[in-house]
Amino acid sequence: MTFVSWHRRSDEPAIAEIVLQRPEVLNAFHTEMARQLIRVCQELREQSGVRVVGLRSSQAKAFCTGADLKERNGLSEAAWHAQHRVFEEMFHSLGDLPFPTIAVIDGYALAGGMELALNCDLWVVSEKAVFGLPEVTRGIMPGGGGTRLLARRIGIHRAKEMLLTGGRYTAREVAEMGLVNRLVPPEELERAFLELAKPISQNAPLAARYIKQAVEELWGMPREEARRREILWYDRCVDTEDRLEGISAFNEKREPRFQGR
């Protein structure tokens, strides 16, 4: 059975979309769903011409509500750890995609579902979305990036509040914290996603990849080391055909034709 699929958009083939589709349990992920998301990420890495990836749900009620606790009920400690290693690979496969990723969020984004979103680069969010990391209320803690990624985006004090209370937050509240790139009514979610994804997909793909990787690497690095590494990333862009094309297009007053070379 298919729980995760992907496709290129017919109107914008440089934009691919990963779709979570286990609606009967609000996209709670079990082991097989996690394995499918890992395979989808592997397939996307091998696709030429994909420049942006959106992660979305097949339904409006929920983006993802985290791990399926019914599957976890009664697992031995060893089995729990073995399952979580699959979940870790799922989160890392998404977070390590080389091109920019956009979480398109409507409905509930809770626990591991919110962590899936945190492993994306940008968020486009419906005003009806609901967020939370309630693991502490179940005797556990986030294990897919919640403690590692959230504080980088909203600061330590806000992150600790969300993690330690296990409470739920509205879309507007998380937007005020700085987590959201676009906050729109539900009916405008598709338009907002395209308005963000399309210009990214039209930019130089190697430069976009290097920017993503450089931002991740340089954050929190000591100043002198960060300065040195930043120029190394910059130099990688200089030695590309796309850099020559970008300069030529500017001087010839035309749109650039980037090839990712």
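This briefing walks through the sheets, helices and a few notable residues of the structure above. The model is a predicted one. Two open sheets run through this tour, one with six strands and one with four. Around them we will visit the pairing of α1 with α3, the helix α8 that lies across several strands, and the two faces of α6.

**The six-stranded sheet**

- Let us start with the sheet whose six strands follow the order β1-β2-β3-β5-β7-β10, with mixed pairing.
- Its edges are β1 (4–8) and β10 (182–184); each has a single partner strand, so one side of each has no neighbour in the sheet.
- On average, neighbouring strands here are turned by 20° against each other, direction ignored.
- Inside this sheet, β2 (residues 15–20) and β3 (residues 52–57) run parallel and are joined by six bridges.
- If you would like a pair to look for, V19 has R56 in β3 as its bridge partner.
- Helix α8 (residues 189–202) lies across β2, β3, β5 (101–105), β7 (122–126) and β10, and it runs at about 165° to β7.

**The four-stranded sheet**

- The other sheet is also open and mixed, and its four strands come in the order β4-β6-β8-β9.
- Here β4 (62–64) and β9 are the edge strands, each with a single partner strand, so one side of each is left without a neighbour in the sheet.
- Neighbouring strands of this sheet are turned by 20° against each other on average, direction ignored.
- Strand β8 (residues 130–132) pairs with β9 in the antiparallel sense, over three bridges.
- Across that pairing, G132 stands opposite R168 in β9.

**Helices α1 and α3**

- Two packed helices are described by the angle between their axes and the distance between the axes.
- For α1 and helix α3 (residues 77–95), the angle is about 30° and the axes are 9 Å apart.
- This makes α1 roughly parallel to α3, and α1 passes α3 in a left-handed crossing.
- The contact involves T31, A34, R35, L37, I38, C41 and Q42 on the α1 side, and Q83, V86, F87, E89, M90, S93 and L94 on the α3 side.
- T31 belongs to helix α1, which spans residues 31–45.
- Is T31 buried or exposed? T31 is buried, because its relative accessible area is 13%, below the 20% cut-off.
- Beyond its neighbours within four places in sequence, T31 is in contact with E71, Q83, V86 and F87.

**The two faces of α6**

- In helix α6 (residues 156–165), the buried residues are A159, M162 and L163.
- Why do they sit on the same side of α6? They cover an arc of only 95° around the axis, which puts them on the same side.
- On the other side of α6, you will find H157, K160 and L164 exposed.
- The cover over the buried residues of α6 includes α4 (112–118), α5 (146–154), β9 (168–170) and α7 (171–177).
- Just after α6 comes G166, with a positive phi of about 70°.

**Two residues with positive phi**

- Most residues other than glycine have a negative phi, and most peptide bonds are trans.
- L26 is not a glycine, yet its phi is positive, at about 55°.
- You can find L26 in the loop between β2 and α1, where it counts as partly exposed at 23% relative accessibility.
- A111, another residue other than glycine, has a positive phi near 50°.
- A111 is in the loop between β6 (108–110) and α4, and is buried, with a relative accessible area of 13%.

Conventions. Residues are numbered from 1 along each chain as its sequence is written. This is a predicted model: local features need pLDDT of at least 70, side-chain atom pairs count only at pLDDT 80 or more; totals for chains, interfaces and linings use all residues. Side-chain values use heavy atoms; hydrogens and water are left out. Buried means under 20% relative accessible area, exposed over 50%, partly exposed in between (1.4 Å probe, protein chains only). Contact means heavy atoms within 4.5 Å. The arc is that of the directions from the helix axis to the C-beta atoms. Two strands pair if DSSP finds at least two bridges between them. Axes are lines fitted to C-alpha atoms, for helices over the stretch in contact, and angles run from 0 to 180 degrees between N-to-C directions. Angles under 35 degrees count as roughly parallel, over 145 as roughly antiparallel, 65 to 115 as roughly perpendicular and the rest as oblique. A crossing is left-handed if the near helix is turned anticlockwise from the far one by less than a right angle, and right-handed if clockwise.
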